[in-house]
Amino acid sequence: MANLKIQLLTENTSLCFEYSRNNAIFNSEQRKMWLIKAFEQKGRLAQLIGEELSNESDPTIIEANTKMSEVNIRLKNKQESINKFIETIQNISDSISILDTLIGFIVPSQMIET
Amino acid sequence: MSSNITNQNSDDISNIRLKSSSSFSIKKRIGLSLFTSFLFLTSCGGSRENLLKEITEFDKSVQVGMEAIAVYYSSVNEQELNTYLLVLELNPNCEAGDFIDYKCLDPKFQGPGKVPSPLKQPAIPMASIQARISLLKELSDYSKSIATIAGNDSPEKFQGSVKTLQIRLISLEQKFQLLQNQPGKSPDSTISVRYLKPITTIIGILGKIAIQEAKWSAIRSSIIEAEASVNTVLKSVGDDLDTYILPLITTDADARYSLLINYYNDNRLRFNQAERNRIVTKIADYKKTYDLATNNKPSKIPNDLLESHKSLVKLAKSDGSVKDIAELKAWLDKFKGDVEQLKEAVNQLSQIQKVKQNGKSKNSTSNRKYFSMF
């Protein structure tokens with residue numbers, strides 16, 4: 001209902017502005033009156049939109065914001081889970097590399113003693 | 001979901017290691033594993049690759065689209081204020097204040113009482129604008145995260161990592177053989193060395209598949225889980241733009257255009273040619289702004305995105321058939337086209353605004369005050 005009121009008021013405001021530009025039909029005084037009428041309607045439109053937006057749309061937007069935020073947190077956890085798996089494999093590889101280096105030091109000395 | 005797959009993958013790796021101690025039919029196992037892997041990759045790889053590519057494209061368009069919509073939200077109050085200031089500038093009888101009295105435009109005007117001016121309170125409260133900007137950012141982060149997982153090169157990195165592991169294991173095995181000092185036996189002829197290479201190759205292939213599956217599963221489950229929330233967000237943003245933001249922006253553009261035309265018509269006889277040219281040029285600018293505002297509905301972006309998202313969800317729920325991918329691609333192409341159009345409109349509006357602001361500073365000392373506004 002409120003949306004319909006905004007729509008009708010918007011259309012009417014636009015129509016009044018259009019009339020105010022219509023030189024072929026109106027004289028200067030008439031154009032001026034239509035322009036003032038359009039501005040007066042525009043003022044009411046801004047007021048109505050401000051009120052309806054706070055009452056109707058804001059709660060939906062805020063709720064959607066919370067939901068999207070939760071979705072993004074879950075998504076981040078999934079990313080971290082994959083990264084953790086890769087990291088585990090990398091750690092195994094690194095550990096073997098350290099062992100490899102250590103043995104590289106030990107082997108020649110053992111062989112000399114033999 | 002991904003952690004299950006991760007655990008499953010670890011189990012697979014352990015099993016393969018245990019089985020490696022036995023040389024029984026190991027060649028057959030290697031052959032079978034490679035063949036299965038080949039079949040798996042060739043059957044799923046192509047369509048998945050396409051989806052991953054489309055997700056990257058989807059993200060690029062989302063980023064540009066959300067940025068363009070954010071401009072609409074952030075500029076709506078400024079447009080209201082500019083219109084009000086133009087009224088004040090062109091009508092010396094009107095005073096700046098907390099309320100607008102339309103009788104200042106003509107004492108004969110018989111209309112309802114005063115309404116609050118944008119100086120007293122913006123049409124859209126700042127907290128409401130912030131909530132919307134924040135919502136667009138959440139949506140943009142969602143798209144970015146999906147694209148990051150899709151673009152993750154970890155399967156390739158993993159395979160490289162396992163290859164290094166293979167080289168190190170073989171080197172280690174050879175050193176142990178040297179320590180045992182077995183004469184006449186080449187280090188690379190030992191059983192463990194002969195099997196290390198194929199086994200680690202299998203680990204590499206299976207590991208890559210496991211990570212690819214984890215990646216794919218993360219994308220699919222995220223898209224499916226987020227379906228309802230993303231749909232709500234897109235629908236809310238679309239409705240919000242159409243119902244509240246667009247009427248303010250279009251009537252503002254209309255107001256400034258009409259105001260300047262009337263001003264010119266009523267006063268043109270007292271202007272010299274240069275002044276007329278200047279105002280006419282500004283009328284043309286306002287006409288362009290009016291056309292851009294009325295011809296470009298920003299709600300097209302969330303509405304197109306909603307359709308693209310539906311296709312994406314459909315694809316995530318299916319096995320990614322060529323038909324599903326084609327449908328998604330078609331929506332994305334439309335979405336990209338609309339995003340580009342809106343981006344261009346926003347750029348043009350910014351350009352006009354920039355010219356006006358430059359004109360404002362250059363003419364701020366002018367006696368003819370109204371020129372400074374245009």
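Chain B of this predicted model contains 9 helices and 2 strands. Read from the N terminus, the elements of chain B follow the order α-α-β-β-α-α-α-α-α-α-α. Of its 374 residues, 50% count as buried. Among the contacts in chain B with a separation of 6 or more, 78% are made by residues 24 or more positions apart.

Chain A is built from 2 helices and 0 strands. It has 114 residues, and buried residues make up 40% of them. For contacts in chain A between residues at least 6 apart in sequence, 55% join residues at least 24 apart.

The two chains meet at an interface to which chain A gives 67 residues and chain B gives 78 residues. The size of an interface is often given as the accessible area lost when the parts come together. Here the area buried between chain A and chain B is about 6200 Å², with carbon and sulfur atoms giving 66% of that area.

Polar and charged groups also take part. Between chain A and chain B, 7 salt bridges are counted. One of these pairs can be looked up directly in the model: A:Arg21 forms a salt bridge with B:Asp254, and their closest N and O atoms are 2.5 Å apart. Across the interface of the two chains, 20 residue pairs are in polar contact, both residues having pLDDT 80 or more. On the chain A side, the elements that give two or more residues to the surface touching chain B are α1 (2-20) and α2 (28-113). Helix α2(A) supplies the largest share of that side, with 57 residues. Sorted by character, the residues of chain A that touch chain B comprise 26 nonpolar, 25 polar and 16 charged.

A residue of chain B offers a close view of how the chains come together. B:Ala123 sits in the loop between β2 (115-116) and α3 (126-150) of chain B. Its relative accessibility is 13%, so B:Ala123 counts as buried, the cut-off being under 20%. Leaving aside residues up to four places away in sequence, B:Ala123 touches A:Ala46 and A:Gly50 from chain A, along with B:Asn77, B:Glu80 and B:Leu248 from chain B. With B:Asn77, the separation in sequence is 46 residues, while the C-alpha atoms of B:Ala123 and B:Asn77 are 6.3 Å apart in space.

Helix α4 of chain B (residues 154-180) holds another residue to look at, B:Lys175. B:Lys175 has 21% relative accessibility and therefore counts as partly exposed. B:Lys175 and B:Ala326 are 151 residues apart in sequence, and the distance from C-alpha to C-alpha is 55 Å.

Helix α6 of chain B can be followed from end to end. It covers residues 273-295, and at 1.5 Å a residue its 23 residues should span 33 Å; the end C-alpha atoms are 32 Å apart, which agrees. The N-terminal end of α6(B) is capped by B:Asn272, which places a side-chain oxygen 3.1 Å from the backbone nitrogen of B:Ala274. Along the helix, the buried residues are B:Glu275, B:Ile279, B:Lys282, B:Ile283, B:Asp285, B:Tyr286, B:Thr289, B:Tyr290, B:Leu292 and B:Ala293. An α-helix has 3.6 residues a turn, so residues three or four places apart point the same way.

Note on methods: Residues numbered from 1 in each chain as written. Chains lettered and ligands numbered in written order. Predicted model: local features only at pLDDT ≥ 70, side-chain atom pairs only at ≥ 80, totals over all residues. Heavy atoms only, no water. Contact = heavy atoms within 4.5 Å. Buried area = accessible area lost by both parts, 1.4 Å probe. Salt bridge = Lys/Arg side-chain N within 4 Å of Asp/Glu carboxyl O. Polar contact = N/O pair within 3.5 Å; in protein donor to acceptor, adjacent residues only side chain to side chain. Helix = DSSP H or I, 4+ residues; strand = E, 2+ residues; numbered from the N terminus. Nonpolar A, V, L, I, M, F, W, Y, C, P; charged D, E, K, R; others polar. Expected span 1.5 Å × (residues − 1). Buried < 20%, exposed > 50% of the residue type's maximum accessible area, 1.4 Å probe, protein only.
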